[in-house]
Amino acid sequence: MSDRGLVVVLAGPSGVGKGAVHAGLRDRVPGLVSSVSATTRPPRPGEEDGVAYRFVDDAAFDRMVAADELLEWAAYTGHRYGTPRAPVAAAVAAGAVVLLEIEVQGALQVRASDPDALLVLLVPPTLAELERRLRSRGTETEEALARRLAVAETELGHADRFDAVVVNDDLGTAVAAVAARIAAARAA
Ligand code: 5GP
């Protein structure tokens, strides 16, 4: 395996288990760097600023877009989410694997600007199972849940634009599949 830096995009519908796969990859990919997105979404209870997200207001997000500080960004069910460019560039230059846990529109923007990026789409075994997972997470209102499920169907329709489509049925199997794709991309 070489020490070539690599951008890995882990995309997929809300509730599919991107966070769990991301956490599992920490044990499988030495030195994995996690990108911290900026978002205008308000924090959920227990979410600390600067850990999973930097929580910013609309004006701050506008400034980041205007200054071209975001590698990609997208609007998602009424809020904006984006990946700060500089930390990703620095980590890749240092030879790290940088993981972006983002939605599908953003993933496709990364593909446009970085043809070497590895794009992985995580999919649920079925849409009914996705709905069950989103409900059991209990973080969304009924209306927000319906919007997320509607977006999910569109997202799954873009599977052909990804380097790999991994079904998240058994978590360990999904983590191993993504880790194998990362190892192969690094060795290429
Ligand atoms: P949530 O509100 O559940 O934290 O995130 C909603 C969606 O936005 C999820 O699919 C999440 O992966 C995605 N997301 C988080 N950060 C980013 C980002 O920086 N860019 C894009 N395009 N999507 C993001």
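The paragraphs below lead through a predicted model, beginning with a sheet and ending with a helix and two loops.

Strands of a sheet pair through backbone hydrogen bonds, and this pairing may be either parallel or antiparallel. In this model, five strands form an open sheet in the order β2-β7-β1-β8-β9, and the pairing is parallel. The edges are taken by β2 (33-34) and β9 (164-167), each of which has a single partner strand, so one side of each is left without a neighbour in the sheet. For β9 that partnership can be followed in detail, since β8 (residues 118-123) pairs with β9 in the parallel sense over four bridges, and Val123 has Val167 in β9 as its bridge partner. Helix α7 (residues 171-187) lies across β1 (6-11), β7 (97-102), β8 and β9, and runs at about 160° to β9.

Helix α2 offers another view of packing. Which residues of helix α2 (residues 58-66) are buried? They are Ala60, Phe61 and Met64, and, seen down the axis of α2, these buried residues fall within an arc of 100°, so they line one face of the helix. An α-helix has 3.6 residues a turn, so residues three or four places apart point the same way. The buried residues of α2 pack against β3 (37-39), β4 (53-55), β5 (70-76) and β6 (79-84), whereas the face turned away from the buried side carries the exposed residues Arg63 and Ala66.

Beyond α2 comes Asp68, which lies in the loop between α2 and β5 and has a phi near 60°, a positive value in a residue other than glycine. Thr77, placed in the loop between β5 and β6, likewise has a positive phi, near 40°, and is a residue other than glycine.

Notes
Residues are numbered from 1 along each chain as its sequence is written. This is a predicted model: local features need pLDDT of at least 70, side-chain atom pairs count only at pLDDT 80 or more; totals for chains, interfaces and linings use all residues. Side-chain values use heavy atoms; hydrogens and water are left out. Buried means under 20% relative accessible area, exposed over 50%, partly exposed in between (1.4 Å probe, protein chains only). Helices (H or I, at least four residues) and strands (E, at least two) are DSSP runs, numbered from the N terminus. The arc is that of the directions from the helix axis to the C-beta atoms. Contact means heavy atoms within 4.5 Å. Two strands pair if DSSP finds at least two bridges between them. Axes are lines fitted to C-alpha atoms, for helices over the stretch in contact, and angles run from 0 to 180 degrees between N-to-C directions.
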